[in-house]
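Please open the structure in the viewer and display the backbone together with the side chains. The tour proceeds from one selection to the next.

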Amino acid sequence: MALLARRFANALVIGVAGRLDQDNCEAFRVDLMAHVERSAHDGGAVVLDLSGLEYVSSAGLRCFMLASRQAKAQHGRISVACLQPMVAEIFEISHFNMVFQVFGTVREALAAASNEAAAAFDQA
Amino acid sequence: MTIDEKALSTHGQWPWPRDRMADLVARLAAARPLVIGVDIFFPEPDRFSPAVLAERIEGRAPGIAASLRGMPSNDALFGKALALVPSVLGVAGLASTDPRFAGPPRSPPVRFLDGAGEAIRAYPGHLRNVPEIDAGAAGHGLYSIDLEGGVARRLQMLGRFDQAVVPTLAVEMIRIALAAPLTVAPSAGGTIELRFGDYAVPAQPDGRAYVRYGRSDPGRFVSAASVLDGSFDVSQLEGKLVLVGFTGLGLADLVATPLGETVFGVENHAQAAEAILEGQFLRRIALAPRIEAALLIAFGLGLFVFIPRSNAVRSAAVLVAGIVALLGAGALAFAQAGLLFDPAGPALGAMAVFGVMQAGSLAEAQRQRQQLREQAARMAGELDAAKRIQMGLLPDPAEVFAGEGRVDVAALLEPARTVGGDFYDCFLLDGRRLFFVVADVSGKGLPASLFMASVKSILKSAALTVEGSVGGILARAQDEIRRENPESLFVTALAGVLDLETGELEYANAGHEPAWSHVPQGRPERLDASGGPPLCVLDVYSYPSTRRTLQRGEWLLALSDGATEAMNERKEFFGTERLRTSLGWLGDEADAKVIVNRVRDDVRRFSGAAEAADDLTLLAIRWNGPAAEL
């Protein structure tokens, strides 16, 4: 599962696509943690763009949880945006929307992070 | 000049009287050839000589006998004819002494440089011609071809007879034509060289040489009959080397050459003479066997190193390429330098190495497969044991609630793998309160199952010790689990306490799939999904409790996401709506066992051949009412 990272001002938007389950979550976790660590180190926010994510299992949720913990530990911000219905339901049932701020669009998520990020998103 | 079928049919059967041979040689001699070589032996006196005839007619015609006796013998005539031109007669090496020829044959003086002749093959005995004929010869040539596997590959260039050293017929003919002395000198690569005039013939230390044979050429044969009847113009032979031999089939002096042809012995000598004149000799230098051995070792070692690091197909390709290269190099050395190498040895050796190595790696592969099988069996055995232990941790509701009329409980857990991360639990906290929980540990397999065992006991202990809300039980359990959770796993759980006397239900949800309820004459209803995140996701969280009062005959179904997220081969989920439909078909009278089996069957039927991705856990509870009203 390849992560597509785009930078908007000091915010990093990471596109997550496909199915995230037991079989591929470990590679995903390593990639995601590296992004989160770098971004938090720069004092920026991370937005996970889940528009391409079809399914996430409990193992996948654990990766999100670990990323959230790391961001918190480094005083960074992390949010998710653009959830497909299936993933939205999983987030709802598992109450992961208590772990992440959930936004309808990437722009909303960026706007919540910083004005510069939203401006950079608008310009792009 | 050959004594062929035509000559035999014209002049009678062999042996011819020697005076006819004398006539023949004299006719050849008239053409003044350079040298005549005779590839025929005359070891016994001619029985047609006048003296021999005289003996036979002595009694009958003494006068004729006396005059016959006064005539020269046929052998003497033949010897005289041979003396007309420089001629070479044969000496054949024998393995034992022939009493007729005791002393060594006549031989030319040979100079040996630096001990070059020491290893020349020595013959204990020999065969040559009767002295009268022999007297006419200017020299002697060795007639000895060692047949190797029936093929004349090497010609004995020099042979030693006691003190005498006799060169082969072709060498001696050319040497006499040149009137040059013969020198034997050491040569490159441990070989020797026969030098005479401007010619140098390479040979092996034992005197043998590889002749580069050409194709048979019938055009250079002249029948003895044509010479005797004058139809052949002998003047063509002037200044030539002339060989006299047999080609008559009945006399069968035949040898096979390495080119696969069967040629007459006399042509073999002719080809040897040509080879000498054209310098067409093949060398097999003394180092050749060592070079072949070195190639064998190098190739063998190469394969030895390469094969274990490569697959069989690539190894075979390397083997074939190596053998082709060896054969090519051998052919190139032969064509370009006249060097003889035998690539068959290294090639066969390499094939043997290849075979042995492949057999070895096959055996190794089989051993490893066997080991893997054993390991897999052991793992499977351990996993089966783990499964039995894990399943043993789960209570059997029929046993736990045996004789309990107020409630009917049934449960089911089918792990996706041998062991899983789901679990359920149900037990009475006291005489009337039933605690139940369905939980799912993140992850699957052995790690999840170990964590699950720990979580289950923590939850049970929290349920038994915490006085107060179900949410409080979950919060307490979370505190405990967090302390023993190095892998940061989390647990979704739906826990509840049902008062069996009042039907009051209190439940709390930690990120788990909501439960379903069904009231008599009602429709299945998904209970509200409020609650909190899974245990151990947030450090501190107060799980809210939800209350509901059950009707008599109402049933609940708690389940894991293995049901709703079960997938079919088209990657579709079973989903909430299919579950609702499935539950809708169950009547009011359905007992707990029927409910769990029904849902399980529907989920499995939906999944079809698709492998179950997650554990499936179902727990059904049907409240039948307080004890007093049963």
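Begin by selecting Leu474(B): beyond its neighbours within four places in sequence, this residue is in contact (C-beta atoms, placed from the backbone, within 7 Å) with Ala493(B), Ala495(B), Ala508(B), Ala510(B), Leu535(B) and Tyr543(B). The model is a predicted one, in which local features need pLDDT of at least 70 and side-chain atom pairs count only at pLDDT 80 or more, while totals for chains, interfaces and linings use all residues. Residues are numbered from 1 along each chain as its sequence is written, and chains are lettered from A and ligands numbered from 1 in the order in which they are written.

Next, widen the selection to the largest nonpolar core, which has 118 residues. Such a core is a set of buried Ala, Val, Leu, Ile, Met, Phe, Trp, Tyr and Cys residues joined through C-beta atoms within 7 Å; buried denotes 20 or more other C-beta atoms within 10 Å of a residue's own, exposed 12 or fewer, and partly exposed the range in between, with C-beta atoms placed from the backbone. Leu474(B) is among the residues with the most contacts inside this core, as are Val47(A) and Leu557(B). Helix H14 (residues 445-465) of chain B contributes the most, with eight residues.

Then select Cys536(B), in the loop between strand E25 (525-526) and strand E26 (546-549) of chain B; helices (H or I, at least four residues) and strands (E, at least two) are DSSP runs, numbered from the N terminus. Cys536(B) has a positive phi of about 80° and is buried, with 24 C-beta neighbours inside 10 Å.

Finally, select Pro15(B): the peptide bond from Trp14(B) is cis, with omega near 0°.

Terms used:
Contact = placed C-beta atoms within 7 Å.
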